[in-house]
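Grab a pencil and work through these exercises with the model open next to you. Try each task yourself before you read its solution.

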Amino acid sequence: GALTEGRGVKLAVFELSAYQHSDIVAWAQTFYGPNYNPPLEDVNVDGGPIASQCPVGDQCPPEFNGYSGDIEVDADIEVQLAAAPAVSKLIVYNAPNDFNGQTEIDEYTQIAKDNVADVVSSSWSVCEQDVSAGYVKAENLIFQQMALQGQSVFGAEGDTGAFLCIR
């Protein structure tokens with residue numbers, strides 16, 4: 001039914017690497033037929049992972065950017081389309097992958113400011129003890145804004161699950 005297919009819903013994914021639309025189209029048409037066109041929309045923040053405009057005082061190493069994490073981006077988008085193939089829009093927000101987290105804060109800020117996505121999903125993570133208190137506070141404020149706007153935000157950690165941050 002419409003609820004399980006995501007009809008009319010606008011989804012967003014939080015990404016830190018480039019991807020190729022052709023990869024997503026090939027995957028989607030394999031499962032949904034040759035006439036299915038994934039409703040992708042790209043929004044680059046801080047130049048995105050290809051044309052990085054790294055914030056002052058930060059570092060966005062080339063080896064972190066480009067297509068270095070495209071398998072992550074592909075998987076994130078494909079999971080959304082598997083759960084909700086009838087979405088009206090799947091917005092791929094993308095920022096450079098940096099050292100101090102400013103690009104991530106900038107990206108979440110843009111998603112909240114745009115206030116278009118009903119649901120936001122991210123599979124990118126870092127251990128809480130590895131970021132500053134200021135970063136945590138900034139992220140928390142953005143997530144509170146999203147909640148007040150009616151946006152649902154989900155974070156997935158599939159690599160090591162709950163054990164990622166245990167030292």
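**Exercise 1. Leaving aside its neighbours within four places in sequence, which residues is D23 in contact with?**

Solution, step by step. Keep in mind that this is a predicted model.

- Step 1: Find D23 in helix α2, which covers residues 21–32.
- Step 2: Skip the neighbours within four places in sequence, and you are left with contacts to D74 and E78.
- Step 3: Check how covered D23 is. Its relative accessibility is 30%, and partly exposed is the class between 20% and 50%, so D23 counts as partly exposed.
- Step 4: Now look at V56. D23 and V56 are 33 residues apart in sequence, and their C-alpha atoms are 33 Å apart in space.

**Exercise 2. How many helices and strands does the protein chain have, and in what order do the elements run?**

Solution, step by step.

- Step 1: Count the elements: the secondary structure comes to 5 helices and 5 strands.
- Step 2: Walk along from the N terminus and write down a letter for each element. You should get α-β-α-β-α-β-α-β-α-β.

**Exercise 3. Which strands pair with β1, and in what sense do they run?**

Solution, step by step.

- Step 1: Start with β3. This strand runs parallel to β1, and 6 bridges join the two. To see the pairing up close, find L11, which stands opposite L90 in β3.
- Step 2: Move on to β4, residues 119–122. Here too the pairing with β1 is parallel, over 4 bridges. This time look for V13, which has S121 in β4 opposite.
- Step 3: Ask how covered β1 is. Of its 6 residues, 5 are buried, so the strand is mostly covered.

**Exercise 4. How many aromatic pairs does a search of the whole structure find? Describe two of them.**

Solution, step by step.

- Step 1: The search finds 6 aromatic pairs.
- Step 2: Decide what to note down. A pair of aromatic rings is described by the distance of the centres and the angle of the planes.
- Step 3: Try F14 and Y108. Their rings are 4.2 Å apart, centre to centre, with 15 degrees between the planes. Planes under 30 degrees apart count as stacked, so that's the label for this pair.
- Step 4: See where the two residues sit. F14 belongs to strand β1 (residues 10–15) and Y108 to helix α4 (residues 102–114), so the pair ties together parts that are 94 residues apart in sequence. Both F14 and Y108 are buried.
- Step 5: Now do Y32 and Y36. The centres are 4.9 Å apart and the planes make 50 degrees, which is a tilted pair.
- Step 6: Compare the cover on these two tyrosines. Y32 has 33% relative accessibility and counts as partly exposed, whereas Y36 has 14% and counts as buried.
- Step 7: Place the pair in its setting: Y32 and Y36 form one aromatic cluster with W27 and F31.

**Exercise 5. How many salt bridges does the structure hold? Say which side chains meet in them.**

Solution, step by step.

- Step 1: Recall the idea. Side chains of opposite charge can pair when their charged atoms come close.
- Step 2: The structure holds 2 salt bridges.
- Step 3: Take R7 and E5. Their side chains meet at 2.4 Å, N to O. R7 is exposed, with a relative accessible area of 53%, while E5 is partly exposed at 28%.
- Step 4: Take E41 and K89, whose side chains meet at 3.2 Å, N to O. This pair links distant parts of the chain: E41 is in strand β2 (residues 40–44), K89 is in strand β3 (residues 89–94), and they are 48 residues apart.
- Step 5: Check the cover again. E41 is partly exposed at 30% relative accessibility, and K89 is partly exposed with a relative accessible area of 24%.

**Exercise 6. Does the radius of gyration of the protein chain agree or disagree with that of a compact globule?**

Solution, step by step.

- Step 1: For 167 residues, a compact globule would have a radius of gyration near 15 Å.
- Step 2: The protein chain has 16 Å, so the two agree.
- Step 3: Add the box. Along the principal axes, the C-alpha atoms fill roughly 45 × 35 × 35 Å.
- Step 4: Finish with the cover and the contacts. Buried residues make up 40% of the 167. Among contacts between residues at least 6 apart in sequence, 85% join residues at least 24 apart.

How values were computed: Residues are numbered from 1 along each chain as its sequence is written. This is a predicted model: local features need pLDDT of at least 70, side-chain atom pairs count only at pLDDT 80 or more; totals for chains, interfaces and linings use all residues. Side-chain values use heavy atoms; hydrogens and water are left out. Rings of Phe, Tyr and Trp (its six-membered ring) pair if their centres lie within 6.5 Å; planes under 30 degrees apart count as stacked, over 60 as edge-to-face and the rest as tilted. Buried means under 20% relative accessible area, exposed over 50%, partly exposed in between (1.4 Å probe, protein chains only). A salt bridge is a side-chain nitrogen of Lys or Arg within 4 Å of a carboxyl oxygen of Asp or Glu. The radius of gyration is taken over C-alpha atoms; the globule rule is 2.2 Å times the number of residues to the power 0.38. Contact means heavy atoms within 4.5 Å. Two strands pair if DSSP finds at least two bridges between them.
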